[in-house]
Amino acid sequence: MDALLQFVFSGLTVGAVYALVALGFTIIYNASDVVNFAQGEFVMLGGMITVFTFEAGLPLPLAALAAILLTAALGVALNKLAIEPARGAPVVSLIIITIGASILIRGASQLIFDKQLHRFPAFSGDDPIRVLGATILPQSLWVIVGAVAVFVALWLFFTRTLTGRAVLATANNRTAAQLVGINTAWVMTLSFGLSAAIGALAGVLVTPITLVSYDVGVALALKGFAAAMLGGMGNPKGALVGGLLLGLLEAMTAGYLSSQYKDAVAFLVILGVLFVMPQGIFGHKSTERV
Amino acid sequence: MRSRTTTALATLAALATLTGAAQAEIRLGASVSATGPAAFLGDPEAKTIEMMVEQINASGGINGEEIALTLYDDGGDPNKARTFATRLVEDDEVVAIIGGSTTGTTMSILSVAEAEGIPFISLAGAISIIDPVREYVFKTPHTDRMACEKIFADMAAQDITRIGMISGTDGFGASMQAQCKEVAGAQGIEILADETYGPQDADMTPQLTRIRNTEGVQAVLNPGFGQGPAIVTRNVAQLGFEIPLYQSHGVASDAFIELAGAEAAEGVRLPGTALLIADLLAEDDPQYQVVTDYTAAYREAYGTATSTFGGYAHDAVALIVDAVTRAGSTDPDDIRDALETTEGLVGTTGTYTFSAEDHLGLDLSAFRMLEIRDGGWSAVD
């Protein structure tokens, strides 16, 4: 019994990490149908900038804030310098641009920071919390709460605010959105800034657990992307559920089956789900009018 | 006056070019992974090689001849390593090659060195580099198998016979896992649980819970490097294990204690080199002089502490210098023959004695069993 609970705790911890990364994909995808492959790099930058500003003497909350703001600025710059000039290009070209951007960011941070692994202290210490014989670290709770908070904020943003609806409208039909007076260029800038900020926040929250170095972004983005696909791309609810589901799947497989097949089983389940529900669990079916 | 000096210098330079063949400097080639995924290996290696060549030339070279170093950065890419090895042999006409930070790049350079008959000292771990023995290939790092044997010997000394293993699926972890399983039986160790984790995984508590729930496990062994072992160490502390945790030489650096946290890492044992505990070595220790000299010189040159990997490069350069000195020649075949008769050369990794059957030349005494106490290293034996 305590083993099952331990697997659940592990799954929630890892799943919340995936969910946070997956949530970052949503905004840019909703605004432009572009899957931003530099999202993992935003997560990495969130962790790295916090590490280096913290070691330079800034208090942890300020260091984290600096990391989020700087990364958001980089997200805006990415849109202005790389995505906007290629405005007319098809979505696939834009996705390839984000892959290029991720390689550039990784290379640059290898030079600007270093090639070592880093970590900063957990927010509320490292003493595990005991529940019925199983243990969970306080930082895991931070990550879980963070994932839920970002989910709620995004959900409110897309359903309750005019700006959020403007983002959705831009994705749906850019010309029509412009006709009803939406500044689509501004919406794109905003979505890149917000996505980068969410990525950086994820980096800040998960670094005490996963550790950070210049090359962690790829693996994080891959798992986050898988979680987003599983839950339904573009839907914050899907990102949250997909992330937690993926984490729990991995933990249960490692716990009850074999750790060798942990990733294989997780991806098999994703394949199975997408086979039956190609839009993901919460993805809405889109029909094109011809 | 000035013009006369210039003329003299020009004449000298011209003469030097003319007699270049007769007064040849010793052309040393190197290809290491100073950037890329294996940069944590190649970066200190490149710095060490450059520093040592500079030192040797400043003190008059070998037998009065200076070393001309050509160093390439293969970025951990075996294809690039092969290209650079070929360029070193054909264009730069080197007489010996140091490098191959990873087993992959080593294998590329190795085939070129064997085909061209140039002595090559590898800086990578795999036992397959020198087993079977290749005529021109030597290596300085100890093998994974030796690390397993050292760990198992320490376990046996404490009456630990049944263990659980949790290994990374990265190249290093997988290779060491296989080697350990191979030698365990011979040393009376039984592996009851055999778990793995991905190199980028964030939590290993499910695997560790399985190990904990396996009846009779007396210790846990974690072969791997990168963030995995740090996370395993933290998870072991989180789960409140009461049995000892053994890590591998892959994480034998101060950074590991920092990443895992001094509290979680308390009591962790691993095999490491004398280099890691330079401050703890007794003055009559055979390696005391060479280790302290090297760590001090490295710190002075680069302002940071060196690592075990830099030590591998140090030993490779020392071996070549020793061989060239004894050979009294810069012919690649003479250097190879002299390398093979190296005897009792004290390096930072251990004491090297090569023979026709042994191109590694280290024994288990090269490893020291270390334990983490109060956030620092201490020697067990």
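Helices here are DSSP runs of H or I at least four residues long, strands are DSSP runs of E at least two residues long, and both are numbered from the N terminus. Keep in mind throughout that this is a predicted model.

**Figure 1. The loop around Asp159(B), between helix H5 and strand S6 of chain B.** Helix H5 covers residues 144-157 and strand S6 covers 162-168, with Asp159(B) sitting in the loop that links them. The backbone does something a bit unusual to look for in a residue other than glycine: phi of Asp159(B) is positive, near 60°. Is this residue buried or exposed? Asp159(B) has 7 other C-beta atoms within 10 Å, so it counts as exposed; the cut-off for that class is 12 or fewer.

**Figure 2. A positive phi at Asp33(A), in the loop after H1 of chain A.** Asp33(A) lies between H1 and helix H2 (39-55) of chain A. Its phi is near 65°, again a positive value outside glycine. What does the neighbour count say about exposure here? Asp33(A) has 16 C-beta neighbours inside 10 Å, so it lands in the partly exposed class. That class takes in whatever falls between the exposed limit of 12 or fewer and the buried limit of 20 or more.

**Figure 3. The cis peptide between Asp131(B) and Pro132(B).** If you're checking omegas, this is one to inspect: the bond joining Asp131(B) and Pro132(B) is cis, with omega at about 5°. Pro132(B) belongs to the loop that runs between strand S4 (120-122) and S5 of chain B.

**Figure 4. Helix H13 of chain B and what covers it.** H13(B) spans residues 332-340, and its buried residues are Pro332(B), Ile335(B), Arg336(B), Ala338(B), Leu339(B) and Glu340(B). Note that Arg336(B) and Glu340(B) are in that buried list, and both Arg and Glu count as charged. An α-helix has 3.6 residues a turn, so residues three or four places apart point the same way. Which elements do the covering? Among them are strand S3 (96-99), strand S5 (137-139) and helix H12 (308-327) of chain B.

**Figure 5. Helices H7 and H8 of chain B, packed at about 55°.** H7(B) runs over residues 205-212 and H8(B) over 227-239, and their axes are 10 Å apart. An angle of about 55° makes H7(B) oblique to H8(B), and the crossing is right-handed. From H7(B), the contact takes Thr205(B), Leu208(B), Thr209(B) and Arg212(B); from H8(B), it takes Asn235(B), Val236(B), Gln238(B) and Leu239(B). By class, that gives three nonpolar residues, four polar and one charged.

**Figure 6. Helices H1 and H9 of chain A, packed at about 75°.** H1(A) covers residues 2-32, H9(A) covers 217-231, and the axes are 8 Å apart. The two helices therefore count as roughly perpendicular, a label used for angles of 65 to 115 degrees. On the H1(A) side, the contact is made by Tyr18(A), Ala19(A), Val21(A), Ala22(A) and Phe25(A). Facing them in H9(A) are Leu220(A), Ala221(A), Lys223(A), Gly224(A), Phe225(A), Ala227(A), Ala228(A) and Gly231(A). This contact divides into ten nonpolar, two polar and one charged residues.

**Figure 7. The contact between chains A and B.** Chain A puts in 27 residues and chain B 26. On chain A, the elements that supply two or more residues are H1, helix H8 (184-210) and helix H10 (236-257). Which of them gives the most? That is H1(A), with seven residues. The chain A side is made up of 13 nonpolar, nine polar and five charged residues.

**Figure 8. Each chain in outline, for context.** Chain A has eleven helices and two strands, in the order α-α-α-α-β-β-α-α-α-α-α-α-α from the N terminus. Its C-alpha box is roughly 60 × 50 × 35 Å along the principal axes. Its radius of gyration, 19 Å, agrees with the value near 19 Å for a compact globule of 290 residues, and 51% of the residues in chain A count as buried.

Chain B has 13 helices and 14 strands. Its radius of gyration is 23 Å, close to the 21 Å from the globule rule for 381 residues, so chain B is as compact as a globular protein of that length. The box around its C-alpha atoms is roughly 85 × 40 × 40 Å, and 52% of its residues are buried. Of the contacts between residues at least 6 apart in sequence, those joining residues at least 24 apart make up 75% in chain A and 67% in chain B.

Key:
Residues are numbered from 1 along each chain as its sequence is written. Chains are lettered from A and ligands numbered from 1 in the order in which they are written. This is a predicted model: local features need pLDDT of at least 70, side-chain atom pairs count only at pLDDT 80 or more; totals for chains, interfaces and linings use all residues. Axes are lines fitted to C-alpha atoms, for helices over the stretch in contact, and angles run from 0 to 180 degrees between N-to-C directions. Angles under 35 degrees count as roughly parallel, over 145 as roughly antiparallel, 65 to 115 as roughly perpendicular and the rest as oblique. A crossing is left-handed if the near helix is turned anticlockwise from the far one by less than a right angle, and right-handed if clockwise. Two residues are in contact if their C-beta atoms, placed from the backbone, lie within 7 Å. The radius of gyration is taken over C-alpha atoms; the globule rule is 2.2 Å times the number of residues to the power 0.38.
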